Each structure stands twice: as C-alpha cells, then as structure tokens.
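Hi,

Here is the structure I wanted to pass on to you. Have a look at it first, and then read on for what turned up.

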Amino acid sequence: MVRAISETVNGVDQEGVIIDGIGAVNAEIAVDMPSNAVLYRTNRIIDQRVRTPNVVRMQVFVSNYLNDDIVGTVIDSVANIDPTGLVSQAKNMLLNDGNTRGQQALYKLRWLQENGKPFRLYTPHGFYENMLIKTIRPVTNDKTMDMLYCEVEFTEILMISLS
C-alpha cells in the first residue's frame, strides 16, 4: 500500500499522506438492534436494524529514511557523499518545512483530521467510503525513534438524503 488516503466524496482531490507501511488493521462493521423486547406480528423484524458507522483502526508507519518523490531521492544521493551533514538538514528545510518526514506526515494527518473532507480509505481487506480521522495516537519508543508510528482510528460519516 503506497497511499492510504485518496479521493474525496465529491471528486475534488485533497492532499493525502504517503504511508510506507501498515501494521494491524481492524474494522468494525455493525448494526444496532432494539434493546427492548418487542412483540412482532409480521415478518418485518428486519426493519428494526439500524446501520452504524464503520470504524477502522490502523497502525501506520512513515520512515524518515525514505522519500515521497524524486527530489528527495536525489538529495539523499548527494547527502550520502556529504561529510558535513548539511545536505540532509537542507533537505528537511526544503521539503518538509524544517521537520523530519515522519513529523511532516503527522502534521498532514492532523490537518486531515481537523479540516479534511470525507475520503476513501484503502485497506488490505477492502476500502471504506466517507471516512474521517477520529483519533491519532503517535507512539515513540526505542524501535520507532526514526519514524512516525501511530495508531489511527477512522470513522465513517453516514450520508443521508433529505427529500
């Protein structure tokens, strides 16, 4: 999976986040049932189910050592022969507003969470429409120091037509 987020509901593109890898992906697809016992005189019991929003939880990885485009790859090639390390610092200033690639990805996820339009979410087991980011849980430990590792929870927005 290269892109985790793309294509808004109305067809207008918004910038997504390039994901290097994913861990566990869990979804909850459910309906609500009546909580009180009711006597049904017809075979219309199926009318009592109410669809609930889909919820997807995903572990997301974005490495600071990879690049989103050819410009970053070229700068890394030059940085490999630069003994001063200035080229690597210049790369972050040029491409990521002074942040690492992982930090920049987190800022983009936060922007989508606070301002984004509903989008299609791609997962290994299928895709989900009309999703928004509900929570982002970044985790940093000794194994995730050089990357963004976070658990992201997406919730579906149920669209209705009033007519």
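**What turned up**

Let's start with a single residue: E129 is partly exposed, at a relative accessible area of 31%. Before going further, please keep in mind that this is a predicted model. The partner of E129 is R120, and the two form a salt bridge whose closest N and O atoms are 2.6 Å apart. R120 itself has a relative accessible area of 17%, so it counts as buried, the cut-off being under 20%.

Now for the whole chain. It has 163 residues, and 32% of them count as buried. There are three helices and eight strands. Going along the sequence, you meet them in the order β-β-β-β-β-α-α-α-β-β-β. Among contacts with a separation of 6 or more, 65% are between residues 24 or more positions apart. The accessible surface comes to about 10700 Å², and carbon and sulfur atoms hold 55% of that.

Next, the inside. Which residues touch the most other members of the largest nonpolar core? They are L109, I133 and F154, in a core of 21 residues. Two or more residues of this core come from each of β5 (55-63), α3 (101-115), β6 (119-123), β7 (126-138) and β8 (147-156). If you'd like one residue to click on, try I133: leaving aside residues up to four places away in sequence, I133 touches L109, L112, Q113, F119, V152, E153 and F154.

Two of those neighbours of I133, F119 and F154, also turn up in the ring pairs. The structure has three aromatic pairs. In the pair of F119 and F154, the ring centres are 6.2 Å apart and the planes stand at 90 degrees, so this one is edge-to-face. F119 sits in strand β6 and F154 in strand β8, 35 residues apart, so the pair links distant parts of the chain. How buried are the two? F119 has 1% relative accessibility, which makes it buried, and F154, at 2%, is buried as well.

Back to the charged residues. As a general point, side chains of opposite charge can pair when their charged atoms come close. How many salt bridges does the structure hold? There are six. Besides the R120 and E129 pair, I'd look at these:

- E156 and R51 meet through their side chains at 3.1 Å, N to O. Since E156 is in strand β8 and R51 in strand β4 (residues 50-51), this bridge ties together parts 105 residues apart in sequence. E156 is buried at 10% relative accessibility, while R51 is partly exposed with a relative accessible area of 44%.
- K134 and E153 have their closest N and O atoms 3.9 Å apart. K134 belongs to strand β7 and E153 to strand β8, so this pair joins parts 19 residues apart in sequence. K134 is exposed, with a relative accessible area of 51%, whereas E153 is buried at 8%.

The K134 and E153 pair has company, too: R57, K134, R137 and E153 are linked in a network of salt bridges. And E153 is one of the residues that I133 touches, so if you zoom in on I133 you'll find E153 there as well.

Over to you!

Methods: Residues numbered from 1 in each chain as written. Predicted model: local features only at pLDDT ≥ 70, side-chain atom pairs only at ≥ 80, totals over all residues. Heavy atoms only, no water. Helix = DSSP H or I, 4+ residues; strand = E, 2+ residues; numbered from the N terminus. Buried < 20%, exposed > 50% of the residue type's maximum accessible area, 1.4 Å probe, protein only. Contact = heavy atoms within 4.5 Å. Areas by Shrake-Rupley, 256 points an atom, 1.4 Å probe, with all protein chains shown as cover. Core = buried A, V, L, I, M, F, W, Y, C linked by side-chain atoms within 4.5 Å. Phe/Tyr/Trp six-rings, centres within 6.5 Å; stacked < 30°, edge-to-face > 60°. Salt bridge = Lys/Arg side-chain N within 4 Å of Asp/Glu carboxyl O.
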